[in-house]
Each structure stands twice: as structure tokens, then as C-alpha cells.
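Visitor: Hi, I've got a structure open here and would like to go through it with you. Can we start with the rings?

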Amino acid sequence: VIDSDAVYDFSVSQKDINDYVDKSYEKTNDEDYKKYLHVSERLVEDVSSEIKDIDEYTHALRDNDIRHIRNSHGEQTKEKYPVTAEDQKAIPDIVQNYDKVIVKERKGVPGIVYVKVVDDNLVYYLEAVTEEYHNEKLLVNKQIIKTGIDDIPDIVGIRDAIEKRQSLDDFLADLKEVHKAYAQSARQT
């Protein structure tokens, strides 16, 4: 459950995130991107061996990529698990509370894949590492894919990135354990 009263860095609230995603869908945003969170110590610890200056980056949402995600994996597509606006509004929660993180490179440029168990799905959220906006070091939304709890999405290089960090069987086994723990917690609640 996303805390609707949450306030992130740069005085950005969850309501601001929700409005930004909604306006992106409507093509009425005034900003190309919205910074919302500094990189966490956990992320620095998890990926600094692969992305040297990760602590200098800031998480941001990019207007065009919100629509790109909707158009490529959203409700209007033939995806088995379509990505909704609500899924995109949950991005701050995903980057703060991921279950796994993987660095994958494409054409020599690193990207960060966050994996989070949500209900009976796995959510794979990909951030691009970029300096294309005024030389600001940003981690921006690039893609979200939802799958079943036992599936790996068809993202170029994702299996290789997983195998580099952990065997595919171990990767999925860990996520199944997370899913069981979440389910147990929900039953107790």
C-alpha cells in the first residue's frame, strides 16, 4: 500500500507524483522530468561496484517515458499483466523498497532493474542512468514490466544480468520466499 501522505526529497509528495503521472497520460505536464528522491545508501551499497558514481545521482520521472511505458506495456496493449497508471505512481515505493536490484548494460550504458513482489506479480522497473538533461546525473524511468511470480520478462540482457549476480533458479527461489513472507504477513493482518 502506497502512503498517499508520503513526502520525498525536493519537497515532492506522493500527490505530486500522482499528478505528474496523470498529467503525463494527458500530455499536460509543464516539466520534462520531475526529481523526487536522492539515491539511498542501500542502492549505493548494492550497485556501486558496477556504477562507480551512483551516489551522485537523483531519481526522476520523465514525462515522455511515462507514456512510453503505458504505450508499450499498458492497458491498451496485449500484455498478460498490463502496467497501469497506479503501477507507475508506485515507482518511488519500488526504488525505496525493492526486493532485488540488478545492473544491466545495453550498448555500454548501465541501467538499474528493480524487482519487487507485488501481490501475485513480479514488477521489474528499469531506470536509465543518464546525464542528458542539463548534465544532471539522473536515474529516470525507462520501463516497467509485470509478470507472474515465476516469470522473467523478455528484456534484452535481463537474464544475463541475473546470471551475473545469481543463478536464475536461486533468483526466482528468493523471490518466491519474499512472496510467501508477504502473503503470511497479509494473512496475519
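Visitor: So, how many aromatic pairs does a search of the whole structure find?
Guide: This is a predicted model, and the search of the whole structure turns up 4 aromatic pairs. In one of them, the ring centres of tyrosine 114 and tyrosine 125 are 5.7 Å apart and the planes are at 25 degrees, so the pair is stacked, the cut-off being under 30 degrees.

Visitor: Which strands do tyrosine 114 and tyrosine 125 lie in?
Guide: Tyrosine 114 is in strand 4 and tyrosine 125 in strand 5, so the pair ties together parts 11 residues apart in sequence.

Visitor: Are they buried or exposed?
Guide: Both tyrosine 114 and tyrosine 125 are buried. Ring pairs also link them with Tyr98 into a cluster, and arginine 42 lies over the face of tyrosine 98, 3.7 Å from the ring centre.

Visitor: Nice. Switching to strand 5, how many of its residues are buried?
Guide: In strand 5, residues 121–130, 10 of 10 residues are buried. Asn121, Val123, Tyr125, Glu127 and Val129 point one way, while Leu122, Tyr124, Leu126, Ala128 and Thr130 point the other way.

Visitor: And how many bridges join strand 5 to strand 4, and to strand 6?
Guide: Strand 4 and strand 5 run antiparallel and are joined by 8 bridges, with lysine 116 standing opposite valine 123. Strand 5 and strand 6 are antiparallel too, joined by 10 bridges; there, threonine 130 has leucine 138 as its bridge partner.

Visitor: What about the hairpin of strand 4 and strand 5, which residue takes a positive phi?
Guide: That is aspartate 119, with phi near 55 degrees, in a hairpin that has 2 residues between the strands.

Note on methods:
Residues numbered from 1 in each chain as written. Predicted model: local features only at pLDDT ≥ 70, side-chain atom pairs only at ≥ 80, totals over all residues. Heavy atoms only, no water. Buried < 20%, exposed > 50% of the residue type's maximum accessible area, 1.4 Å probe, protein only. Helix = DSSP H or I, 4+ residues; strand = E, 2+ residues; numbered from the N terminus. Pairing = 2+ DSSP bridges. Phe/Tyr/Trp six-rings, centres within 6.5 Å; stacked < 30°, edge-to-face > 60°. Lys NZ or Arg CZ within 6 Å of the ring centre and 35° of its normal.
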